[in-house]
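Colleague: Please take one part of this model and go through it closely, with its neighbours, at a level that suits someone who works at the bench. I would rather have one connected account than a list.

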Amino acid sequence: MGLLNGIFGNDAASQSSGPLGGLLDGLGGEDDNDLITAAMSLLQQYGGLSGVLDLLRRKGLGQQAESWIGTGPNMEVSGEQLEQAFGPSTIGDIASQLGTPKSETSLALARILPEIVDRLTPDGKIPENHDDLISRGLAMLRGGDNA
């Protein structure tokens, strides 16, 4: 699937590469579109990559979050850790949107959030246009045409 390739390509003509290129292919398909949308909405809600990184640092998950941004392997985070960081009501709201139990939702977010952050930071640093990337990605995932 080239959906996110088109969203996050380096230019409008680029359909095959970019920070989130191939994300859907690697995550299992159409059912993950809603999960990706929820995770990117979570990033946006908490102030983009910088805001989420700051939150995770304050909640004791800074080392994990830094690994997602860095160029090395991503450290794992548990669903329970994400629920503690973002709060049970936030995870519960996402679970309601997805129609899945909260425990499954937090596990799914623990799987996808590191991958999204990693793909948004391909050079090992937060790009200046990360807010725009998230907004464009959300618009495209939601069927908007302003990506």
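Modeller: The part I would pick is helix α4, and its relation to α9 is a good place to begin, since the two helices are roughly perpendicular to each other. This is a predicted model, and what follows should be read with that in mind. The axes of α4 and α9 come within 7 Å and cross at roughly 105 degrees, and the term "roughly perpendicular" applies because it covers angles from 65 to 115 degrees. On the α4 side the contact is made by G48, L49 and S50, which meet H130, D131 and I134 of α9. By class, the residues of this contact are 2 nonpolar, 3 polar and 1 charged.

Within α9, which spans residues 130-141, lies L133. L133 has a relative accessible area of 5% and is therefore buried, since the cut-off for that word is under 20%. The C-alpha atom of L133 is 9.7 Å from that of G48, although 85 residues separate the two along the chain.

Turning to α4 itself, the helix covers residues 48-58, and its buried residues are G48, L49, G51, V52, L53, L55 and L56. To read that list, it helps to recall that an α-helix has 3.6 residues a turn, so residues three or four places apart point the same way. After α4 comes G60, whose phi is positive, near 85 degrees.

Some of these buried residues of α4 also face an enclosed space. The model has 1 cavity of 30 Å³ or more, and the largest cavity holds about 60 Å³ of space. Its lining consists of L43, L49, V52, L53, L56, A65, W68, I69 and V117. The largest share of that lining, 4 residues, is supplied by α4, while α4 and α5, the latter running over residues 62-69, each give at least two residues to it. In chemical terms the lining has 9 nonpolar residues, with no polar and no charged ones.

One lining residue, V52, leads on to helix α3, because V52 is among the contacts of L42 once neighbours within four places in sequence are set aside; F86, T90 and I94 are the other residues in contact with L42 on that count. L42 belongs to α3, residues 31-45, and at 2% relative accessibility L42 counts as buried. From C-alpha to C-alpha, L42 and T90 are 8.6 Å apart in space, while in sequence they are 48 residues apart.

F86 and T90, which both touch L42, also take part in the contact between α6 and α7. The axes of helix α6, residues 79-86, and helix α7, residues 88-98, come within 6 Å and cross at roughly 115 degrees, so α6 and α7 are roughly perpendicular to each other. From α6 the contact draws on L82, E83 and F86, and from α7 on P88, T90 and I91; by class these residues divide into 4 nonpolar, 1 polar and 1 charged.

For contrast with the buried positions, consider E76, which is found in the loop between α5 and α6. At 73% relative accessibility E76 counts as exposed, yet its C-alpha atom is 7.5 Å from that of A110, a residue 34 places away in sequence.

To set α4 in the whole protein, the secondary structure comes to 9 helices and 0 strands, so the order of elements from the N terminus on is helix after helix, α-α-α-α-α-α-α-α-α. Of the 147 residues in the protein, 48% are buried. Among contacts between residues at least 6 apart in sequence, 63% join residues at least 24 apart, and the pairing of G48, L49 and S50 in α4 with H130, D131 and I134 in α9 is the contact from which this account set out.

Key: Residues are numbered from 1 along each chain as its sequence is written. This is a predicted model: local features need pLDDT of at least 70, side-chain atom pairs count only at pLDDT 80 or more; totals for chains, interfaces and linings use all residues. Side-chain values use heavy atoms; hydrogens and water are left out. On a 1 Å grid over the protein atoms alone, a cavity is a set of points where a 1.4 Å probe fits but cannot get out, and a pocket is an open set with protein on both sides within 12 Å along at least five of seven lines; lining residues have an atom within 4 Å of a point. Grid points are joined across faces, edges and corners, and a volume is the space filled by probe spheres set on the points. Ala, Val, Leu, Ile, Met, Phe, Trp, Tyr, Cys and Pro count as nonpolar, Asp, Glu, Lys and Arg as charged, and the others, Gly among them, as polar. Axes are lines fitted to C-alpha atoms, for helices over the stretch in contact, and angles run from 0 to 180 degrees between N-to-C directions. Angles under 35 degrees count as roughly parallel, over 145 as roughly antiparallel, 65 to 115 as roughly perpendicular and the rest as oblique. Contact means heavy atoms within 4.5 Å. Buried means under 20% relative accessible area, exposed over 50%, partly exposed in between (1.4 Å probe, protein chains only).
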